[in-house]
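Subject: A structure for you to look at

Hello,

I am passing a structure on to you, with some notes to read beside it. Please open it first and keep it on screen while you go through the rest.

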Amino acid sequence: MSLRIAVLQPDIAWAAPERNLARFESHVAACSADLLLLPEMFATGFCLDPARIAGPDDGAVLATLRRWAADYGCALAGSVAVSMPDATFRNRMYFVEPSGRVSYYDKHHLFTPGGEAAAFRAGDCRTVVSYGGMRFLLAVCYDLRFPVWLRCRDDYDAILCCASWPASRRDAWCTLLRARAIENQCYVAAANRIGRDPAAHYAGDSVLLDFRGRTLAEAGAEECLIRAGFDLLAVSAFRGEFPAWRDADDFEMRIP
């Protein structure tokens with residue numbers, strides 16, 4: 001059983017959701033995949049003024065994702081800034097299926113050094129989505145630096161990580177992605193952006209990795225789509241042949 005996974009690595013127009021969504025649709029239509037992963041805050045760029053760019057949970061961006069999923073027959077995942085009824089904001093990663101089913105994950109590790117924790121409220125639970133016979137753990141950018149949060153407890157087969165990871169820390173990005181694949185014996189799909197915003201430059205380096213940490217497909221620093229197959233039988237067989245996951249330490253996560 002194999003799923004076709006695609007990752008879109010775009011440039012993102014600053015705080016211009018209509019413009020970005022209109023431009024990205026051609027990539028969605030051409031992705032030829034069962035699942036397409038988009039970067040963090042793909043509709044606006046990584047803006048830390050959420051009052052300026054956030055929409056409601058059931059707003060235009062989610063409506064567009066639902067339409068794309070239905071029209072093009074592929075699931076879509078990626079994060080957007082969302083305004084909540086209690087006047088707070090979340091960096092919310094959606095997973096939208098062609099059936100119309102929507103799952104979401106609110107980013108738990110907010111990037112305190114850049115001010116994200118002051119602008120957004122952190123989520124307090126992990127989200128694993130079952131789709132096409134595979135189990136996907138949702139993660140957003142800075143989460144990648146926290147292996148306990150992402151530790152596989154035999155509860156997922158692949159990590160989907162959407163990000164706005166700056167070029168100044170690209171070595172960490174590439175290393176941590178491979179480490180998460182190896183230590184959790186799982187596939188990893190990672191979507192980063194390219195271009196510039198008022199705060200940073202982005203080098204891309206989006207990638208699809210297998211459960212040994214080997215590269216299945218990778219992007220450079222240009223706008224592009226990359227694709228690869230994630231094979232459930234292959235990852236299950238590898239975990240059976242080399243069951244390092246059984247020796248993992250027991251632990252409990254305490255959420256503040």
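Let's start with Ala6, which is buried, as its relative accessible area is 0% and the cut-off for buried is under 20%. Please keep in mind that this is a predicted model.

Where does Ala6 sit? Its place is in strand E1, which covers residues 2-9. Leaving aside neighbours within four places in sequence, Ala6 is in contact with Cys31, Ala33, Leu35, Leu36, Leu37, Leu225, Ile226 and Arg227. You could also find Val148 on your screen: Ala6 and Val148 are 142 residues apart in sequence, and their C-alpha atoms are 27 Å apart in space.

Next, helix H6.

This helix has 15 residues, 170-184. At 1.5 Å a residue H6 should span 21 Å, and its end C-alpha atoms are indeed 21 Å apart, so the two values agree.

Which residues of H6 are buried? They are Trp173, Leu176, Leu177, Arg180, Ala181 and Asn184. Seen down the axis of H6, these buried residues fall within an arc of 135°, so they line one face of the helix. A general rule helps here: an α-helix has 3.6 residues a turn, so residues three or four places apart point the same way. On the other side of H6, Asp171 and Thr175 are exposed.

What do the buried residues of H6 pack against? Their partners are helix H5 (147-150), strand E9 (158-162), strand E10 (187-191), strand E13 (207-209) and helix H7 (232-241).

Last, two residues with a backbone angle to look at.

Most residues other than glycine have a negative phi. Gln185, just after H6, takes a positive phi of about 50°, although Gln185 is not a glycine. This residue is found in the loop between H6 and E10. Is Gln185 buried or exposed? Gln185 is buried, because its relative accessible area is 3%.

Asp154 is not a glycine either, and has a positive phi of about 60°. You will find Asp154 in the loop between H5 and E9. With a relative accessibility of 39%, Asp154 counts as partly exposed, since that class lies between 20% and 50%.

If you would like a place to begin, turn the view to look down the axis of H6 and pick out the face lined by its buried residues.

Happy exploring, and best wishes

Terms used: Residues numbered from 1 in each chain as written. Predicted model: local features only at pLDDT ≥ 70, side-chain atom pairs only at ≥ 80, totals over all residues. Heavy atoms only, no water. Helix = DSSP H or I, 4+ residues; strand = E, 2+ residues; numbered from the N terminus. Expected span 1.5 Å × (residues − 1). Buried < 20%, exposed > 50% of the residue type's maximum accessible area, 1.4 Å probe, protein only. Arc of directions from axis to C-beta. Contact = heavy atoms within 4.5 Å.
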